[in-house]
Amino acid sequence: MAAVLVVLLAAGGCSERGGDGGGGGRGSGASGPALEAVASLTVKGRAPRAGYEREAFGSSWSDTDHNGCGTRDDILRRDLAEVTFRDGHCEVASGTLDDDPYTGRTVRFVRGRSKVDIDHVVALSDAWQKGARTWDRDRRVAFANDPLNLIAVDASANRRKGDGDTATWLPPHRAYRCDYVARQVAVKRKYGVWVTRAEKGAMVRVLRGCPKTRLPRR
C-alpha cells in the first residue's frame, strides 16, 4: 500500500494553477514559493490522538472576525457562485460550487440538503496530534475558523479524506493537488503545526512538479 502511494504521489499531476499569479483562485496573493517553505516545517512523529474532541477547537463556525456571520457562511459566500441568502446578507441559502477543488465537478449547495462541506484543509485531529494539543483555547478557535485553512468542497470527497495528511490523502482532482499541498504548508507554517517525515516527503514530491506554486495568504 505504501509503495502504491509513493508512485501515486510521484506521478500525481499538478497544474500550476495560479503558479506565477499566486496560489490559484481560492486564496488570493502569495508569500513565497510553497516548495521552499516546506523546509521551514518542523519534523516530528505523530503524537497520540488521545484527548481529541471537536469542542477543543470551540463551537462550530464561530464569528471570529466579528462581522455578524458565522465562519461557515463566510466561506460559502467566498467560494460559491450565484449565492442567495435567507436573511439578506449572511445566511447562505443556495449557491453553486464551480470546479470543486477535490473532484473538479460542479456541486450545487442548498441549505438543509447540501452536498457541499467546508473542509479544514489541515484537519483538526491532524493538528491536535502535531502540536495543537498544547495550545490554549483561543489559538485553537482561531485555527478552526481561519479562512486560510477552510475551503468549500464536495461533501463525499471530504468525508473520504477524513483527517488524512499529504502522505495519506490527495484530492482525486489532480489539477488541484499543488494548490492543496501549498495551502497545507501555509497553514502548518503559520501555526507551527509539525509534519511527519513521510508527510514532508510527500509535500516535496508533489510540489517539485509545480515549483512555481506559491503559498496562499487567506
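## Aromatic pairs and nonpolar cores

At 13% relative accessibility, Trp169 is classed as buried in this predicted model, because the cut-off for that class is under 20%. Its partner Tyr180 is likewise buried, with a relative accessible area of 0%. The ring centres of Trp169 and Tyr180 are 5.7 Å apart and their planes stand at 70°, so this pair is edge-to-face; the angle that qualifies a pair for that class is over 60 degrees. The pair links distant parts of the chain, eleven residues apart: Trp169 is in the loop between helix H6 (155–161) and helix H7 (177–191), whereas Tyr180 is in helix H7.

In total, the count comes to eleven aromatic pairs. Another of them joins Trp135 and Phe143, again in an edge-to-face arrangement. Trp135 has a relative accessible area of 12% and is buried, and Phe143 is buried at 0%. The geometry of the two pairs is set out below.

| Ring pair | Centre to centre | Angle between planes | Class |
|---|---|---|---|
| Trp135 and Phe143 | 5.5 Å | 65° | edge-to-face |
| Trp169 and Tyr180 | 5.7 Å | 70° | edge-to-face |

Trp135 and Phe143 also belong to a cluster linked by ring pairs, together with Tyr52, Phe57, Trp128 and Tyr191. In addition, Arg139 lies over the face of Trp135, at 5.0 Å from the ring centre.

Several of these aromatic residues recur in the nonpolar interior. The largest nonpolar core has 40 residues, and those touching the most other members are Phe57, Tyr102, Phe143, Tyr180, Val181 and Val185. Two or more residues come from each of helix H2 (34–38), helix H4 (124–128), helix H5 (137–144), strand E5 (150–154), H7 and helix H8 (197–207). The largest contribution, eight residues, is that of H7. Beyond residues up to four places away in sequence, Val185 touches Ala34, Ala37, Val38, Leu41, Met203, Leu207 and Leu215. Apart from this core lies another, of eleven residues, including Leu76, Phe109, Val116 and Ile118.

Val121 offers a further view of the packing around Tyr180. Val121 is located in the loop between strand E4 (116–120) and H4, and is buried with a relative accessible area of 0%. Setting aside neighbours within four places in sequence, Val121 is in contact with Tyr102, Asn149, Ile151, Lys161, Tyr180, Arg183 and Gln184. Between Val121 and Gln184, which are 63 residues apart along the chain, the C-alpha separation is 6.3 Å.

Methods:
Residues are numbered from 1 along each chain as its sequence is written. This is a predicted model: local features need pLDDT of at least 70, side-chain atom pairs count only at pLDDT 80 or more; totals for chains, interfaces and linings use all residues. Side-chain values use heavy atoms; hydrogens and water are left out. Rings of Phe, Tyr and Trp (its six-membered ring) pair if their centres lie within 6.5 Å; planes under 30 degrees apart count as stacked, over 60 as edge-to-face and the rest as tilted. Buried means under 20% relative accessible area, exposed over 50%, partly exposed in between (1.4 Å probe, protein chains only). Helices (H or I, at least four residues) and strands (E, at least two) are DSSP runs, numbered from the N terminus. A charge sits over a ring if NZ of Lys or CZ of Arg is within 6 Å of the ring centre and within 35 degrees of the ring normal. A nonpolar core is a set of buried Ala, Val, Leu, Ile, Met, Phe, Trp, Tyr and Cys residues joined through side-chain atoms within 4.5 Å. Contact means heavy atoms within 4.5 Å.
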